[in-house]
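Me: I am new to reading structures, and I would like to go through this one slowly, asking how each label is earned.

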Amino acid sequence: MCNLESSMLTIIQTFHQYSGQKSNLKKADLKELINNEMNNFIENDTLDKLFADLDQNGDLEIDFKEFIALIAMVTSACNELFGEERSFK
C-alpha cells in the first residue's frame, strides 16, 4: 500500500476507533480524539466552536463526512504554515 492509501486507511480507522459502533463522534469523543491524535495542531479551548462549525446538520454528533472536513481544514492549514519547510521527518 502506498503512503497516501495507508494514510487514508489510518484516518478511517482512527475515526472508527473513537466513534465506535455508533459511527458518529459526540463532543466528548471528538475531544478525546483531538487530545490523543491531534493535540499538536488543534488547541483544546477551541473545541466548542470547532464542534459547532463541523456539526453542519445540527444533530450534536460528527459523522464521517463532517470529520473529513476537519481533517481537510487542518491539513490545509498545516500545508500553509509548514509548506515552506517541505520536510516533516
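**Charges, fold and exposure**

Reply: Let us begin with the charges of this predicted model: the chain carries 8 positive and 16 negative side chains, and the centres of these two sets lie 2 Å apart.

Me: What makes a side chain count as positive or negative here?

Reply: Lys and Arg are taken as positive, and Asp and Glu as negative, while His and the chain ends are left out of the count. On that basis the chain has 16 negative side chains and 8 positive ones.

Me: What is the secondary structure of the chain, and in which order do the elements run?

Reply: The chain has 4 helices and 0 strands, and read from the N terminus the order is α-α-α-α.

Me: Why is the chain called as compact as a globular protein of that length?

Reply: The globule rule gives 12 Å for 89 residues, and the chain has a radius of gyration of 14 Å, which is close to that value, so the chain is as compact as a globular protein of that length. Along its principal axes, the C-alpha trace spans about 40 × 30 × 20 Å.

Me: How much of the chain is buried, and how much area does the chain expose?

Reply: A residue is called buried when its relative accessible area is under 20%, and 29% of the 89 residues in the chain are buried. The chain exposes about 6500 Å², of which carbon and sulfur atoms supply 52%.

Me: What share of the contacts with a separation of 6 or more joins residues 24 or more positions apart?

Reply: Such pairs account for 42% of those contacts in the chain.

Me: Where does UniProt place the EF-hand domain, and what does that span look like in the model?

Reply: An unreviewed UniProt entry lists residues 42-77 as "domain: EF-hand". In the model, that span is 61% helix and 0% strand, and its end C-alpha atoms lie 11 Å apart.

Me: Why is A52 called exposed, and where does A52 lie?

Reply: A52 lies in helix α3, which covers residues 47-54. Exposed means over 50% relative accessible area, and A52 has 52%, so A52 counts as exposed. From A52 to I62 the distance is 9.5 Å, C-alpha to C-alpha, and the two are 10 residues apart in sequence.

Me: Why is A72, by contrast, called partly exposed?

Reply: Partly exposed covers the range between the 20% and 50% cut-offs, and the relative accessible area of A72 is 46%, so A72 falls in that class. A72 sits in helix α4, residues 64-82, and its C-alpha atom is 15 Å from that of Q56, a residue 16 positions away in sequence.

Me: How do you know that L81 is exposed, and how far is L81 from A28?

Reply: L81 has a relative accessibility of 61%, and the cut-off for exposed is over 50%, so the label follows. L81 is also in helix α4, and its C-alpha atom is separated by 28 Å from that of A28, 53 residues apart along the chain.

Me: What about T10, which class does its accessible area give?

Reply: T10 has a relative accessible area of 41%, which places it among the partly exposed residues. T10 is in helix α1, and the C-alpha atoms of T10 and I68, 58 residues apart along the chain, are separated by 12 Å.

Me: What makes the phi angles of S23 and L60 worth a remark?

Reply: Most residues other than glycine have a negative phi. S23 is not a glycine, yet its phi is positive, about 60°, and L60, also not a glycine, has a positive phi of about 65°. S23 is in the loop between α1 and α2, whereas L60 is in the loop between α3 and α4. At 32% relative accessibility S23 is partly exposed, while L60, at 63%, is exposed.

Note on methods
Residues are numbered from 1 along each chain as its sequence is written. This is a predicted model: local features need pLDDT of at least 70, side-chain atom pairs count only at pLDDT 80 or more; totals for chains, interfaces and linings use all residues. Side-chain values use heavy atoms; hydrogens and water are left out. Helices (H or I, at least four residues) and strands (E, at least two) are DSSP runs, numbered from the N terminus. The radius of gyration is taken over C-alpha atoms; the globule rule is 2.2 Å times the number of residues to the power 0.38. Buried means under 20% relative accessible area, exposed over 50%, partly exposed in between (1.4 Å probe, protein chains only). Contact means heavy atoms within 4.5 Å. Accessible areas come from the Shrake-Rupley method with a 1.4 Å probe; for residues, only the protein chains shown count as cover. The place of a charge is taken as NZ of Lys, CZ of Arg, CG of Asp or CD of Glu. UniProt positions are given in the numbering used here, feature names are shortened, and annotations may be inferred rather than shown by experiment.
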